[in-house]
Amino acid sequence: RRNPEKVLGLNRGFALLDKVRDYIDFVLVEDLGTMYDFSINDYRKLTPGELDWLLRQVDRVKQLGLPALSLAYSREPCDKLDTYARKLAAELGLLVYTSNWDLSELRAPYECREG
């Protein structure tokens with residue numbers, strides 16, 4: 001409230017949405033369809049259960065009228081996981097940035113488009 005000119009986003013904090021929705025400008029939907037799984041030290045798609053839960057959260061964000069940005073992870077630009085996340089985001093009407101696990105390589109939403 002002291003700094004209304006500041007942009008404030010919530011990274012996945014879906015459990016907090018009802019408490020903070022009046023104070024945030026957007027929600028970051030991290031792991032949109034893909035993630036880096038530290039237990040296997042590799043990238044992977046979300047399981048059907050994980051994806052179903054996340055899609056319900058995206059619907060909730062939209063119902064609250066909050067803008068949603070998304071972030072997904074893959075080994076290489078435009079590889080299978082990257083392309084999968086981009087297709088999912090397009091189906092949901094979201095922009096998606098993709099990256100490697102440590103965020104040292106952020107890829108723009110339209111990077112893999114042909115033509």
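F38 sits in the loop that links β3 (34–37) to β4 (42–45); helices (H or I, at least four residues) and strands (E, at least two) are DSSP runs, numbered from the N terminus. With a relative accessibility of 54%, F38 is classed as exposed, where exposed means over 50% relative accessible area, buried under 20%, and partly exposed in between (1.4 Å probe, protein chains only). Although F38 and W101 are 63 residues apart along the chain, 9.4 Å separates their C-alpha atoms. The model is a predicted one, in which local features need pLDDT of at least 70 and side-chain atom pairs count only at pLDDT 80 or more, while totals for chains, interfaces and linings use all residues. Residues are numbered from 1 along each chain as its sequence is written, and side-chain values use heavy atoms, with hydrogens and water left out.

Turning to the interior, the largest nonpolar core (buried Ala, Val, Leu, Ile, Met, Phe, Trp, Tyr and Cys residues joined through side-chain atoms within 4.5 Å) contains 22 residues. F14, L17, V27, V29, L32, V61 and L94 have the most contacts inside this core. Two or more of its residues come from each of β2 (26–30), α2 (48–63), β5 (68–73) and α3 (80–92). A further core of six residues lies apart from it, with L28, Y43, L71 and L81 among its members. Within the 22-residue core, V27 offers a good example: beyond its neighbours within four places in sequence, V27 is in contact (heavy atoms within 4.5 Å) with L10, F14, L17, V61, L66, P67, A68 and L69.

Strand β6 brings a polar residue into view, T98. At a relative accessible area of 1%, T98 is buried. Its side chain makes polar contacts with the side chains of D82, at 2.6 Å, and R86, at 3.2 Å. Such a contact is a pair of N or O atoms within 3.5 Å; within protein, one must be able to donate a hydrogen and the other to accept it, and residues adjacent in sequence count only if both atoms are side-chain atoms. Leaving out residues up to four places away in sequence, T98 also touches others, including L71, A72 and E105.

Two residues other than glycine have a positive phi near 60 degrees: R12 and L103. R12 belongs to the loop between β1 (9–11) and α1 (17–20) and is partly exposed, at 25% relative accessibility. L103 lies in the loop between β6 (96–99) and β7 (106–107) and is likewise partly exposed, at 47%.
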